[in-house]
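Dear colleague,

Please find below the structure that I am handing over to you. My notes on its nonpolar and aromatic contacts follow.

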Amino acid sequence: MPKVYRTLFLGTDNFALTCLKALLERSNQPGARISSIEVVALPAKKRATRSPVAKYAAESKLPLHTWPPLASHIVDRFDTAAVVSFGALLPDCFLDLLPLPCVNVHPSLLPRWRGAAPLAHTIMAGDKMTGVSLLQVSKKKFDVGPILMQRQCPVPEDCDVVELSAMLAPIGSEMLVECLEDYEGYLNKSQPQPKGGTWANKIISDMAKVQWEMVTANDVIWRQRALCDRYVLMAGFDSVPLQLHGIGNLLEVVPDEADFIPAIVSRTPGTVFHRSDSNFLCVRCKEGWVTVEELFLVGNNCRKSAEDFAIDHLDDLDEDSDSASSSSSSSSSAASQAGGSSPPNQRAKQDDHPDVFRYVGTFHGCALRGGR
C-alpha cells in the first residue's frame, strides 16, 4: 500500500494560502497520499492582523497552532511539513522530530533570489524570467537546501509584485501537490543547488526613497511595481518629503523624447520639468526621464496634480528671481567688463520658451521616513 504523508503546513500570506487550499483539495480525493493536514501560523498582535493562512484555517475549522513553540507530542503526529512564505527559521529540534525533511515552496529560480522577498527583487531587477523552486529545508540557513523540482516561466511585461505572486501561486501549489504525492521519490532525485546565488533582502521603507543620480528611468518603474503592495515611492523637495503617484517612463508616453524636452533643459539627475501642454512632471534620472502625474506632500498633508505643483513652485521661483535680480544684474555687468559672461541658469533658459516648458526645481533623495 502506498505511503500516506501526514502533513503539517506552515505559512502566512496569500501565496501560501493558495498552496494550502490545493493540499486540502487533494487530501479529500480518493487515493490521495496527503492527509491529516494541520496549520501552523505566526502569532498576530491583534485578531485583525491575522495572516491570510491563519484566518482561513480558523474560518475553516482546521487545527491551528501558533509558532513558537510547537510541542513534540504535536509534531510527532506528522511525517513532514510544507513550508510556504513562513518567515521564521525552523530550529533543529523541530526538524529532527519529523521522519522526513520539510519541503519549502520558494517563488524564484534558486539560487537566484534566496531570502525574504524574492518576488519584489525579481521585479526590481527587471528580470525577464522567474519560476518556482521546491527545495528541502536545511538546518540553520534559509533557501540553500537541495532542489526537488523547479519550473520556469517568463515575467509578464508591466507586471507588478501582486500580479506576479498571483501568477506563480497556482504553479507552486500544483508542484507541491505533485511532489508530496511521491515525496520520497523526489527526495531521492534531489540535486544540490549551484554555487553562488543572489539574496532578496527584506523590503524596508528606505527602498522607496529614490536616489535620482543612482537609478535609470527603468529602475524607478521597476521599483514602483516591486513595492506597490507596501510603499509609495518618495522624493524630497525643499526639505519636504513627497509621495510620487502615477509614475511612468517618458519614452512610453511621448514618441520622441528629444522633441518633447528641448536640449537646453538640464540633464542633471533630479531636475523637474513641466510642459504646459502635459498633465505630468518630468524628472531626470541617471538615464532617461520618468513622468509623475500626482504628488502627496507628506508634511503638508495635501495632494497636488503635477500642473498645480509646477505652478506653485514657478511662483516661488519668480519670487526668488525678483529678490536676486539686482545682484544678478551687477554680477553680469562685472562679468561683461572682465570680458566674460555669467553662465546662463535654468530659469533664464526657460524664459526663452515661456509658453512651452517650465523648470520647476530639483528632487533629491528623501531623508525622512515615509510610506502609505
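**Charges over rings and interior packing**

In this predicted model, the charged end of R275 sits over the ring of F260, at 4.5 Å from the ring centre. A second such arrangement involves K189, whose charged end is placed over the ring of Y186, 4.7 Å from its centre.

Turning to the interior, the largest nonpolar core comprises 75 residues, and the members that touch the most others are F9, W212, L281 and F363. Helix α6, spanning residues 161–180, contributes the most to this core, with nine residues. Apart from it lies another core of 18 residues, including A88, L95, L98 and C102. In soluble globular proteins, nonpolar side chains tend to be buried together.

W212 merits a closer look. Beyond its neighbours within four places in sequence, W212 is in contact with residues including V220, A235, L244, P269, V283 and F363. W212 also belongs to one aromatic cluster together with F237, F309 and F363.

Across the whole structure, nine aromatic pairs were found. In the pair of F237 and F363, the ring centres are 5.8 Å apart and the planes stand at 90°, so the pair is edge-to-face. This pair links distant parts of the chain: F237 lies in strand β10 (residues 234–237) and F363 in the segment after β16 (357–362), 126 residues apart. F237 has a relative accessible area of 5% and is therefore buried; F363, at 2% relative accessibility, likewise counts as buried, the cut-off being under 20%.

With kind regards

Technical notes:
Residues are numbered from 1 along each chain as its sequence is written. This is a predicted model: local features need pLDDT of at least 70, side-chain atom pairs count only at pLDDT 80 or more; totals for chains, interfaces and linings use all residues. Side-chain values use heavy atoms; hydrogens and water are left out. A nonpolar core is a set of buried Ala, Val, Leu, Ile, Met, Phe, Trp, Tyr and Cys residues joined through side-chain atoms within 4.5 Å. Buried means under 20% relative accessible area, exposed over 50%, partly exposed in between (1.4 Å probe, protein chains only). Helices (H or I, at least four residues) and strands (E, at least two) are DSSP runs, numbered from the N terminus. Contact means heavy atoms within 4.5 Å. Rings of Phe, Tyr and Trp (its six-membered ring) pair if their centres lie within 6.5 Å; planes under 30 degrees apart count as stacked, over 60 as edge-to-face and the rest as tilted. A charge sits over a ring if NZ of Lys or CZ of Arg is within 6 Å of the ring centre and within 35 degrees of the ring normal.
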